[in-house]
Structures are given as C-alpha cells and as structure tokens.
Number of protein chains: 2
Amino acid sequence: MPAPTEFLQFVDQNADAFIQRLSDAVAIPSISGDASHRKDVFKMADWLNDQLEAVGVETQLVDLGKHIMDDEELQLPPAILGRIGNDPKKKTVLLYGHFDVQPANKSDGWDTDPFTLVVHPTNGQLIGRGSSDDKGPILGWLNVLQYHFQTGKELPVNLKMCFEGMEESGSEGLDDLVKREGSGNGGWFDGVDCVCISDNYWLNTRTPALTYGLRGLTYFKLTVSGPSRDLHSGVFGRTVHEPMTDLIHLMGQLVSSTGKILIPGVDEMVPPPTEEEKAIYSGLDYSIQDIQDAAGAAIALSDDKVNVLMGRMRYPSLSLHGIEGAFSGVGAKTVIPAKVSGKFSIRLVPPQTPDAVNPLVIAYLQSEFAKLNSKNKLHIEDLHGGKPWVADHKHWNFEAAKRATEAVYKQSPDLTREGGSIPVTLTFAETLGVNVLLLPMGRGDDGAHSTNEKLDRSNFIEGTKLLGTYLYELATV
Amino acid sequence: MPAPTEFLQFVDQNADAFIQRLSDAVAIPSISGDASHRKDVFKMADWLNDQLEAVGVETQLVDLGKHIMDDEELQLPPAILGRIGNDPKKKTVLLYGHFDVQPANKSDGWDTDPFTLVVHPTNGQLIGRGSSDDKGPILGWLNVLQYHFQTGKELPVNLKMCFEGMEESGSEGLDDLVKREGSGNGGWFDGVDCVCISDNYWLNTRTPALTYGLRGLTYFKLTVSGPSRDLHSGVFGRTVHEPMTDLIHLMGQLVSSTGKILIPGVDEMVPPPTEEEKAIYSGLDYSIQDIQDAAGAAIALSDDKVNVLMGRMRYPSLSLHGIEGAFSGVGAKTVIPAKVSGKFSIRLVPPQTPDAVNPLVIAYLQSEFAKLNSKNKLHIEDLHGGKPWVADHKHWNFEAAKRATEAVYKQSPDLTREGGSIPVTLTFAETLGVNVLLLPMGRGDDGAHSTNEKLDRSNFIEGTKLLGTYLYELATV
C-alpha cells in the first residue's frame, strides 16, 4: 500500500519546519564520550521525549544505571522507550536510533560551528554534528509521526521505539535492557515483528540502499618479550633473540599483501558466493573509482568491482594496526625493545564467530612462533570481539523497504552489507529473533564521525517520505 | 721499561687526594646535551685546563664555533689541546678524553645525588655521573702527570692531549678540528705516533681489556604510503593495499630470528674468522651466563661463547627498532594507518661500509617490495651511518698496553672489539694514519649512561698505574 499523497505533500510543505527542528536538535551537544557533556545528553533525552509526547507517543525514560568513564562514575543517559498503537491486526515495528553524537570542535577543522546547523547556500547540505548520525534519521520518524498526529490519521502499523544516548560510547546499558525486556518473558519488546534501524549510509552519493549484513570482529594483542629491559643494539645486536624480530616475523605471517588471510582455516570457513549473491554485488552502483576516491589513492586490491565489494562486505579481512612498546617517534633510535605487542584485528563474516576463529589464530601463532626457535616468550590476548550479522534480505521487512524506496526515489535500492559493525543490530536480531533491516537515510560522504558532518536536504526530506512509505508498505507485504 | 716503583707508590699514597679531585670534577654537571647546563661544560673546561696547567701541561682552548640545539644557537664548549715534552728521540702519544657527561637526575632512579661523588662504604665504588665516563680516565692522566711534575721526573714519551666537551652530543666540531690540524700540513696533531683513548669498558668485571675494533652503523627508514588519510578497517579492510601489511612483510625479510642478515651480500662481505681470531674469542674471560645476566634473560642466540662474542664484535647485526605512524598506544584501535615508516639499523664490521652496504639494502628492499605487487609507494631513506674500525692489535701500541696490563694487574688483558661505535676513534685513525688503542679504565658494569654510574676505586687507582706504566712501556717497545 503506497503512502497517502497527503503525507508526501505534508512533508514537502513542512520541510523548513523539519529543518528548524533538526537545527534545535543539533544545537544540543549531546556528546556521550565526554563527561563534561553528559548533562547535554540528558538534555537531549528530555528534548526528544518532549517531541515524542507532542506527537502522541507514549514514552518512558529508562534508567540504565551508572558507569565509569575516565575514572569518574557517571549516570548513564536514559533510554527512551516509546509506543504508539496496539492493534493486534497490525504488524508491530521496532524503530531504533541514538540521540548522542561524536565529539566535535571547530578547531578539529570544521568550517562552521559544529553545533549550529548551517544550511549550505547552494547545495542545500545541512551541516552540523549529528545531522546525519543519528539525529536526522530520528527526526525523520518524528516528521512521519507529526503528520499522523496533526491530521488524525491512523498509522498503518503499531510502532515501538528504542532511542539511546550511548551509541557512540559502546551502547552501555542497552544490551542488558534489550535482553531483560526482549527475551519473551512478557517484557516490553514482546510482540515486535520486525526491526528498522536507520543509522548507516548509502554506499555512494547516488543510490539508496538497504543493508542486510555487518561484519564481526576479533581483536588480538600479540606480545613477545625477552630481555628484562631495553638493550643497546651495538652491545646486544646478534647476541640475543630480539623480541621485535620475532614479532615482525609473526605479524608477517598473518595476511598477504593482497588481503588473503594466511591463518589456515579462517578464509576457508566462508563458503564461496552463489551466483545470485554475485549478481547483487555486480548490480551495486559502485565503481573502483569510488573506492579509490574514498581512499584517496589508486590502491584497490583488484580492478574487479565485485571482488573489491565482496572483500569489504562478505569476506573476512585482517588488518595490522600497530605495535606497542617499540620506538614510534620521529628520528633514529638504536634500541632493542625488551617487550613489544603487535595489534591486529580480523573482521568476521558468517559463519565465523570469535569463538570459532580465535582458536585457529592462537594455534597458528603458537606454531609459527615455535618454528622460530626463539628463546623469547610469546603471549597472545584476545582483546575484544563481536559476531557478524546477516539478515534474510528476501524477508517482507526488506521487501517493504524496497517498495518504499522505489516509490520515493524511483530507483531500486542497492542491497549492501557493511564492512564495519553496529553491535546493537545483532543484539536485536538474536534477542528478539526477528528480521532486522538497516534503512539508511544519509549518503556515503556524510562524514558521520568526521569534520563538517552533513545530511543532504533531499536525503532528510525524501528520507522522511521513505520512512513513512516504508510503514505503509509494511502493512501490506 | 717498567714504570718506576716510586710512581706506583705515589699513586697509592695519593689515592685519597685523587678521589677528592674526581669528586671536584663530578660536582660540575657538565651535561653537553642540555642547553641549561652549557655553562657547566665551559666551567668544566676551565677547571680541567687549570688542572693541566698546574701539572706542567702547555694548553690552549680551541673555539669550535656555535651550533643549534633545540632551536637555540649555542656556543660549543672549547676543545682543550695540551702538550708536554717535545723530544724528537721520544715517541709522541696523543691522549683523548671527554669532560662532558650524560644527563642525570636523582629522580631517574639514582640512589644518591648524581653530581656528588659518593664512596660506597663497603665496596669502595666511586658513584657519580662521569666517574667512569669519562672524568675518571681523564683524571687518571692528571694523576700520572702530577707524579712527574711534583717529583721533577721526565716523562718517557712526548704527550699531546685532546679533550673535548661534546662527546655525549655527537662530538660536534671535533672532526673539523682534527681534520684541519691533523692532515699533515704542519697542523697541531703532526708528529703523533700513536693514539690512546680511554673511554670504554672491560668486557666483564674481572679482566682488564684492550679494544681493537668498533662496529660501524647504517640506519634506515623505510616508508610505505598509500591512502591519503588513515582508513577505517571495517570499511576498507580487504579492499585496498594496506601500507602496514606491506611494511611488515618487508621488515620480516631483513633478519632471521637467529640474527642472520637476509639481505644478499651483506653477511657474505665479511670473511670467516681465522683460527687465530677464534682463539682470541675463545680466550676471552666471558661466558654465556655473562651475556644472559646482562640481558636479564636466558635469550642468548647460541650456547657457544665464541659464536655469541663474534656476533657482537666481528659480525654485522641487524636490529628492528620500531615503526613510526602506526598505532603505538595501549588498548585497541582499528585504524588502517595511511603511512608507516619502519626503522632498522645494521651494525657494520670491516670491510663493510655504509657506501658498500646501502646499495645492497636498497636493491633488496625494492626487489622484495616489487614481489608484493602492491600499489602502495615505497620510500627508502638512509638516515645516518659510520664506518667500522679495526686496529692492528699486534702493533707496538697494543704491545705496550699489554705489557703494562700484565705488570699492573698480573694478568693478560682480554683483546676485545666493541659492538657499538665511538666515532672519534675512526677520525683519529683515518686522519692521523696512526695506530689507535682503546685502553679502558672501568668495568663492564659501570653503567656509563645509566643510573648510579660508578667507577671502582681499584679501577681508578690501578687504572692510573696502568696509564702511567703504559707510557713507560711505550718508550721501549
């Protein structure tokens, strides 16, 4: 069922007011990672709660307890749980978003004050911290709800909402809430039929996208130690086993220059792509030039766009991040470091999990270290990890989003997987046991965590239409 | 010709006064590497100049000009040139030492004030910055001269002296002076028959040593760059050539875990040791336990002491020092660094020189990089270097020192080569074209650049006897 024409007109007619509301939201510097701004995250929660109540949402602020940040005990900002509609004949959709933002200072290189929304005079971009990540999408939902509230129109589905204020700082407290209220014991999340998260981006600047996968992660710290203190390379060079030599050998055995993971069994866990899957990547509006523009150099691993996109989205990757304990300054220092720790991470895809991959990593490193016949000591730590997520993109939840995209944008969405992680996605998918859709509002160049973050005016306005239309399509798929 | 018994008695009888004079010298914090102490280096030059004049040395303070340190233009401390005796029938010996010291603060971990000489109540160690490096040895010469001056005895050789105040900061200005005055054009160093430098250490704490070799150095910075900025490993992992992966591969191809240099032609430049040479190493008073005690762990590359000592003294070594530009902090960061620079150095032995070795290193790295088929860019820089030095240890200069050692210590000296560098040694050897002897006064555990630097009382007193006896033996070898 398409959205009512009146809804689409309402959005266009109220565009300036919607942008003003986004400006009010951006003006609250709700930086969750900065203790001195914690009060602003609370302020943002109150502001959003007021806005939701004003459009008829029944809300509650959920206390998530305290946490320690930078040696300081702080109250966590509340999660906002909202609901509107309770018709057993309708589907119930859970919407997720976050009202906290990344840090931003003009001195970081912003052209304008990050917490004053600026409408670019020519291209219409809405520039300000949080415009795209994730206040714009949350306000898209508010826009949709405002139409229904002001016109007295019934929503085509029941809505539940979960908005949090700690996403940029590890979503502290949220997992517990979802697990407590979503495990089928009569909790608040019971009855949800599907989830929609609008907190990622199109692959490019041209084509709307639906996202059905995220990679997981396992992060390792690999420590080789030997002497009791740093040694002079003149005195000790070629007399002792040097930890740095051993570590570099081990790190050099992890991944090839072309990205192949050399740890036996890791790449092999992942089944080859089906022809149908390959067709998805082939059909994506993306080019080698796009990736090289994004990286700033002609360094793509392949000239074949399908290979490169699969490298990002459906294959695991291993990156070497750095070394702790070795000389890292400018200039020349001739020390033999006593203890060095290499850091690397593996992005995981199904069916890989940290539990399945870590033993292979550890066994391989131990075996490679044994080959060195070194008298130094090896210590391997798994610092953190998370499972990958892939949804069924043929589910009615995706089908509704696809129809909505075609209705609003007159083009089929790219069907994408992300190379990174949004951990709450997996929490909802696993805890609630329902299909989760990532429905991005912004473009690939929005600069979510960067300077001059922006949301294109058209993405905000057409994106609002998309979110509303999606609800109508959901009702009839 | 043995030293006169009266000389040996004089040294014993004046030991306390000698220690008091060392105490006066240590009290002047002549730290050349700290601009705020530059005045103290000048003060130390004046103090030493006065002491030399007081025992009959004809001196001159040579202005070495200015230099820039920490963005500040500073006057270099003067070199002191001294001479005593000008008998054409006698050999002329050039003595070298330095009157500047390494920085030292009690807060670095010293048990006592570094600039107050403390005589340890039980073991007699003379503890203070510069006690061993290099004020003790310079004062050893003063002690010898005092005997001859006070008793009116003629010295058995002509002496020239060159004492500098910038050794701990790269001997700035000294090379120019030596080359200007030592190249055979009627300069001040003309007529020198041999050189004696007392600025290194015994191999252990038990056996006096004569040192006839030093390793050279070539230091490389190896930069791999690709993207225009750091990248997110979720988004770019397995889509682009990662500079860190390439760099780690290259660094892993340089040296084996057992110390073999993998750059073709580098190890091969060095001829195998002769049986006579092996006998020297075999005869050194040194054990695998000694090196493992010094390193603080059982990590020696071999159980064979000759192999380990040759690894330090007569073979080149390659050490990996660190990486600039990669994540080096604690914790976990998932960035793909855009530009990373690996640092490594090779200690060189004859006939290796930076000029001979560097082209092999560069060609090898370029060839290994080509094998990676990476689209990243490689840039190789040779940051600095110096040639190795080996003297003829059968020269009469060494023979005199050997006889002197046997006379004073009743044991044959270890014949050692050092793994590190003392660049002025090579300057004297090459410019003056004469034999250079390194005649250490202190022990291997003196902690020259470390906290609680010390010189054993017996090394100072017997060392004074050794220096004087060496001059007498020189006269007749």
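## A walk through the predicted model

A:Tyr147 is a good place to start: with a relative accessible area of 1%, this residue is buried, because anything under 20% falls in that class. Please keep in mind along the way that the model is predicted. The ring of A:Tyr147 has a partner in A:Phe7, which is buried too, at a relative accessible area of 0%.

How do these two rings meet? Their centres lie 5.3 Å apart and their planes make an angle of 65°, so the pair counts as edge-to-face, since planes over 60 degrees apart are classed that way. In sequence, the partners are 140 residues apart: A:Phe7 belongs to helix α1 (residues 5-13) of chain A, and A:Tyr147 to helix α4 (residues 135-151) of chain A, so that the pair links distant parts of the chain. Ring pairs also bring in A:Phe10 and A:Phe18, which form a cluster together with A:Phe7 and A:Tyr147.

Over in chain B, B:Phe10 and B:Phe18 form an aromatic pair as well, and this one is tilted, with 6.3 Å from centre to centre and 50° between the planes. B:Phe10 is buried, with a relative accessible area of 9%, and B:Phe18 is buried at 1%. Over all chains, the count of aromatic pairs comes to 16.

Let us stay with chain B and turn to a sheet. Four of its strands, in the order β13-β15-β11-β16, make up an open sheet with antiparallel pairing. At the edges are β13 (317-324) and β16 (377-386) of chain B, each of which pairs on one side only. On average, and with direction ignored, neighbouring strands of the sheet are turned by 20° against each other. As a reminder, strands of a sheet pair through backbone hydrogen bonds, either parallel or antiparallel. Strand β11 (residues 216-225) of chain B is joined to β16(B) by nine bridges, and the two run antiparallel. To find one of these places on screen, look for B:Tyr219, whose bridge partner in β16(B) is B:His384. Helix α7 (residues 243-251) of chain B packs on this sheet, where it touches β11, β13, β15 (339-348) and β16 of chain B, and its direction makes about 155° with that of β11(B).

Now for some annotated residues. In an unreviewed UniProt entry, the annotation "binding site" covers A:Asp199, A:His232, A:Thr334, A:Arg347, A:Ser421 and A:His449. These positions are spread over 251 residues of sequence and also in space, with up to 51.5 Å between C-alpha atoms.

Two of the annotated histidines deserve a visit. A:His232 lies in strand β12 (residues 231-232) of chain A. Is A:His232 buried or partly exposed? Its relative accessibility is 41%, so A:His232 counts as partly exposed. Beyond its neighbours within four places in sequence, A:His232 is in contact with A:Gly237, A:Thr334 and A:Ile336, and also with B:Arg347 and B:Gly420 of chain B. A polar atom of the A:His232 side chain lies 2.8 Å from the backbone nitrogen of A:Gly234.

A:His449, in turn, sits in the loop between β19 (435-438) and β20 (454-456) of chain A. Which residues does A:His449 contact, leaving aside neighbours within four places in sequence? They are A:Gln102, A:Arg129, A:Asp133 and A:Glu168. With A:Gln102, the side chain of A:His449 makes a polar contact of 3.4 Å, side chain to side chain.

Technical notes
Residues numbered from 1 in each chain as written. Chains lettered and ligands numbered in written order. Predicted model: local features only at pLDDT ≥ 70, side-chain atom pairs only at ≥ 80, totals over all residues. Heavy atoms only, no water. UniProt positions renumbered as here; feature names shortened; annotations may be inferred. Buried < 20%, exposed > 50% of the residue type's maximum accessible area, 1.4 Å probe, protein only. Contact = heavy atoms within 4.5 Å. Polar contact = N/O pair within 3.5 Å; in protein donor to acceptor, adjacent residues only side chain to side chain. Pairing = 2+ DSSP bridges. Axes fitted to C-alpha atoms, helices over the stretch in contact; angles between N-to-C directions. Phe/Tyr/Trp six-rings, centres within 6.5 Å; stacked < 30°, edge-to-face > 60°.
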